[in-house]
Amino acid sequence: MQLKNDLLLRAARGEAVERTPVWLMRQAGRILPEYRAVRESLSGFKELVETPEFAAEVTIQPVDILDVDAAIIFSDILVVPEAMGCTYEMIEKRGPIFPNTIRSEEDMRKLRVADPHEHLHYVLDAIKITKRALNGRVPLIGFAGAPWTILAYMVEGSGSKTFSHARGMLYTNPRLAHQLLRMITDTTIAYLKAQVEAGANLIQIFDSWAGILSPAHYRQFALPYISEICNAIRNVPVTVFAKGAFFAMEDFSKLNCETIGVDWNMEVNKVRQQVGPNKTLQGNMDPCLLYSSFETIQDETIKMLKEFGPHRHIANLGHGVYPDTDPEKVKCFVQTVKEFSPILKSEGV
């Protein structure tokens with residue numbers, strides 16, 4: 001299907017664009033009253049994720065309401081461990097809880113390398129429904145968690161400030177950690193390939209807990225598996241977003257990916273020097289900016305656009321939008337990008 005708006009894909013590939021494309025991580029979610037209305041009609045988060053028609057509906061809402069340049073399929077990175085046999089519960093105001101963790105060989109024997117068409121069909125169905133409903137308006141982003149981040153949840157059993165059990169395994173039983181990472185990677189590659197076959201136009205890999213590892217451990221237990229995923233997904237552009245991994249930017253420059261996500265703790269000029277001119281950068285506005293005044297949002301957004309420059313940039317936040325953000329502030333951010341980036345391009349700033 002011919003896309004009416006392919007700015008995101010052209011920017012990712014380093015092609016000429018009329019303006020900077022813009023979307024937001026977690027744009028489909030709690031900031032929108034329309035999302036909350038759908039969510040409240042169901043038993044909870046997991047039912048929404050696992051019901052393709054509803055997942056497609058909330059995926060499209062930000063395109064209609066916020067006027068972003070891409071949709072991202074409404075799902076969760078934790079569908080992968082669930083498909084592998086390590087189920088989770090999503091507890092309101094607490095986050096994900098895994099009743100059974102993976103900390104031994106015996107625990108590992110309960111897992112499988114998931115078949116996406118059998119165990120994750122609901123995500124693939126949601127992608128197909130969304131693609132039909134979008135009718136080529138904007139690209140659709142598919143995604144998965146990076147293997148290290150998925151391992152962190154499976155071993156820890158929940159979110160954590162330290163992930164001490166998961167990080168401890170890297171010291172006490174590195175062989176088991178690599179076995180688990182191998183299974184997660186094999187599942188993730190098959191899953192992402194299936195997302196592309198179902199209609200995803202771009203893939204994003206989220207390494208949400210990259211920043212809690214030492215550089216040495218990141219290069220041993222995280223980077224090789226991300227590299228393998230990037231090498232396997234070649235039909236569409238790939239974005240790697242590793243929160244807090246400022247120490248790995250030069251390593252990311254060597255990945256077989258088109259775009260590197262930049263969080264708000266990173267300095268744009270330094271990142272560009274580290275990754276070179278042949279990668280697109282995505283980001284990196286602080287989500288807390290959207291609590292400020294409309295004038296401040298406009299000023300800081302223009303400042304961000306000038307820092308990145310008019311080429312090889314996808315405007316986004318440096319992490320997901322926070323749930324208590326005013327949607328009108330998000331619209332201000334989006335519209336400022338759309339209105340100012342052509343001026344930046346024409347002036348060659």
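1. Let's begin with the second largest pocket in this predicted model. Strand β8 (280–285) and helix α16 (294–308) each supply at least two residues of its lining. The largest share, four residues, comes from α16. The full set of lining residues is W264, M266, V268, N284, M285, D286, E300, K303, M304 and E307. By class they divide into five nonpolar, one polar and four charged, and the volume of the second largest pocket is about 180 Å³.

2. Please pause at N284, one of the residues lining the second largest pocket. N284 lies in strand β8, and the peptide bond that reaches N284 from G283 is cis, with omega near -10°. If you are browsing the backbone, this is a spot to look at for yourself.

3. How does α16 sit relative to the strands β8 and β9? The helix lies across both of them, and runs at about 155° to β8. With the cut-off for roughly antiparallel set at over 145 degrees, α16 therefore counts as roughly antiparallel to β8.

4. Now for the sheet that holds these strands. It is an open sheet of seven strands with parallel pairing, and its order is β1-β4-β5-β6-β7-β8-β9. Which strands form the edges? They are β1 (71–72) and β9 (313–317), each of which pairs on one side only.

5. Within that sheet, you can follow one pairing residue by residue. Strand β6 (residues 238–242) runs parallel to strand β7 (residues 259–262), and two bridges join them. To find the register, start at V240: its bridge partner in β7 is I260.

6. The loop that leads into the edge strand β1 has a detail of its own. D67 is placed in the loop between α4 (52–65) and β1. Its phi is positive, at about 65°, although D67 is not a glycine.

7. What about the largest pocket? About 1300 Å³ of space lies in it. Its lining has 40 residues, and those that lie nearest the centre are R26, R30, F45, D76 and M90. The elements that give two or more residues to this lining are α2 (33–40), β2 (89–91) and β3 (95–97). Sorted by class, the residues of the lining come to 23 nonpolar, nine polar and eight charged.

8. Last comes a pair of helices. The axes of α9 (residues 147–156) and α10 (residues 164–172) come within 7 Å and cross at roughly 110°, which makes α9 roughly perpendicular to α10. On the α9 side, the residues in contact are W148, L151, A152, V155 and E156, and they meet S164, H165, A166, R167, M169 and L170 of α10. Which classes make up this contact? It has seven nonpolar, two polar and two charged residues. E156 from α9 and R167 from α10 are both among the residues that meet here, so they supply the charged members of the contact.

Methods. Residues numbered from 1 in each chain as written. Predicted model: local features only at pLDDT ≥ 70, side-chain atom pairs only at ≥ 80, totals over all residues. Heavy atoms only, no water. Axes fitted to C-alpha atoms, helices over the stretch in contact; angles between N-to-C directions. Parallel < 35°, antiparallel > 145°, perpendicular 65-115°, else oblique. Contact = heavy atoms within 4.5 Å. 1 Å grid on protein atoms, 1.4 Å probe; cavity = no way out; pocket = protein on both sides within 12 Å on 5 of 7 lines; lining within 4 Å. Points joined across faces, edges and corners; volume = space filled by probe spheres on them. Pairing = 2+ DSSP bridges.
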